Amino acid sequence: MTTRIAAILLPLLLLAGWEGYCRWSGIPALVLPPPSAVGAALWSGLASGRLLPHLAVTAAEMALGLGIGCLVGFVAGVALAEVAGLRRLLYPYVIASQVVPKLALAPLFILWFGFGMTSTVAITALICFFPLLENTLTGLDRVDPAKQELFRMLRAGRWRTLTRLKIPAGLPVILAGLRVAVVLALVGAVVGEFIGGRQGLGASIIAAQGMMDTPLMFALFAVITALGMLVYQATLLIERWLLSRQAKG
Amino acid sequence: MPTDPPAFLSFENVRFDYSGAAIVDGVDWAVGRGAIHCLLGRSGCGKTTLLKLAAGLFTPATGRVRLDGAAVCGPGDAVGFVFQAPTLLEWLTVLDNVLLPVTLHRRATADDRARALDLLELVGLAGLADRGPRALSGGQQSRVALARALIADPALLLLDEPFAALDALTREELQEDLLRLCAQRGTTALFVTHDIAEAVYLGDRVAVMADGQLRHSLSIDLPRPRPRDLRYDPRFNALCRELRHAMDGATGLRRAEAAE
């Protein structure tokens, strides 16, 4: 009960402190706007509907990038886990591709895909690819050798062993990779828009910076955070649903 | 000596090496149809490897393993294997775990399901078919593993210390259930264990294994069916003592060899 009260009081206290500091220190709103101004900017952006198309663009980029990146990462993870030769051959390149800061590739992607959604989706997908690949590889590798021997004893072929043993057994690890990918997807989408976006929440932050509209920038941070929390919670729900379905059989 | 019936499972001078060392070193052994034989030995003596050779999970370096006259060259339908750990799939129900050997190859029919439920009832798990394996005790999990090994109605059952991790009472119950199931179905069984009493209670014949070789064998002339109280019979204890001496002798031989 005490923690619950504290959980409600803490943000209120922080907001009140922030508001008070802005009012009495005389710090200009350009540097640090008070929460009341941020709230007003947020409200006007949402009520007028100006923010919604941007929100939709960022959400779409995130969803597409996440979907493509995770799918490719999962398939590549399965392929590398199953074919040892392929893994020895390709894993160094996979690592190299991950050591390259993906955002540094953004100018190149803009050259290839042009300004707009496509290059942002490509960056997001590239960022989401690795956690899924890595976790799929780990998840499939860690399958209990005794269970693999059981499947050998039952004359299950490679495909059956993969679909009936390795993927279900690795699912918790694979889903943990998905959770990481979801967080990175939002970063990818927003920062991708910083560089090459015409529309979206990230592009709006750059625009707000150009107009020196700091309250709007803060309002956009709030929207981005809310979007991230929503998607993360949705992922947790999906994860819990999949694992509980698995537990029940 | 009476003429033995033709062997159902036989090892003919079987040898298996692992990284240069002989794990199984020239084993000759035969198990008659419907008989239960036990391999008794300390850990690391090669008994599990011998069992996996019989299962076709390993291929002998030299010699041959025959099942019903034909050379074993891979896991087959006629063999059920019970591993040291129950190795149940946590994401399947008890029923689906028992049906796994079937569903890996084809869709389970109503008939398969009925057989699986019968088996679960025979191992004393009626009513637990829809539970997950995590909700079961260790003994119950071992029972599910036993039912899974029997679902394809194998002629030969290979068991690798399946009850070693259980408490003494549960272990005895499972031994009794195993004997009942094998007798009902006429299943031949090769049972690996390090527990002398278990070997004597279950086996028609017990082989003592050390350093990859069979050093001693003993016929267990106890009546079947074997009642629970047989474990307290003087004859039972005499057989246990004899096997104990044989095991000490086998180890003594190893020590003598090491000293040379």
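What share of the contacts in chain B with a separation of 6 or more comes from residues 24 or more positions apart? In this predicted model, such residues account for 70% of those contacts.

A look at the whole of chain B sets the scene. Seven helices and 10 strands make up its list of secondary-structure elements. With a radius of gyration of 19 Å, close to the 18 Å that the globule rule gives for 260 residues, chain B is as compact as a globular protein of that length. Along the principal axes, the C-alpha atoms of chain B fill a box of roughly 60 × 40 × 40 Å. Of the 260 residues in the chain, 43% count as buried.

The next stop is the place where the two chains meet. Here chain A provides 16 residues and chain B provides 15 residues. On the side of chain B that touches chain A, helix H2, spanning residues 94–103, gives the most, with three residues. By class, this side of chain B holds 11 nonpolar residues, along with three polar and one charged.

Helix H2 of chain B deserves a second visit, this time from within its own chain. Nine of the 10 residues of H2(B) are buried, leaving the helix mostly covered. The buried set begins with Val94(B), Leu95(B), Asp96(B) and Asn97(B), and also takes in Val98(B), Leu99(B), Leu100(B), Pro101(B) and Val102(B). Within chain B, these buried residues pack against two helices, H3 (110–122) and H4 (138–150). Helix H2 of chain B thus appears in both settings: it gives three residues to the side that touches chain A, and its buried residues pack against H3 and H4 of chain B.

Methods:
Residues are numbered from 1 along each chain as its sequence is written. Chains are lettered from A and ligands numbered from 1 in the order in which they are written. This is a predicted model: local features need pLDDT of at least 70, side-chain atom pairs count only at pLDDT 80 or more; totals for chains, interfaces and linings use all residues. Two residues are in contact if their C-beta atoms, placed from the backbone, lie within 7 Å. Helices (H or I, at least four residues) and strands (E, at least two) are DSSP runs, numbered from the N terminus. Ala, Val, Leu, Ile, Met, Phe, Trp, Tyr, Cys and Pro count as nonpolar, Asp, Glu, Lys and Arg as charged, and the others, Gly among them, as polar. A residue is buried if 20 or more other C-beta atoms lie within 10 Å of its own, exposed if 12 or fewer, and partly exposed in between; C-beta atoms are placed from the backbone. The radius of gyration is taken over C-alpha atoms; the globule rule is 2.2 Å times the number of residues to the power 0.38.
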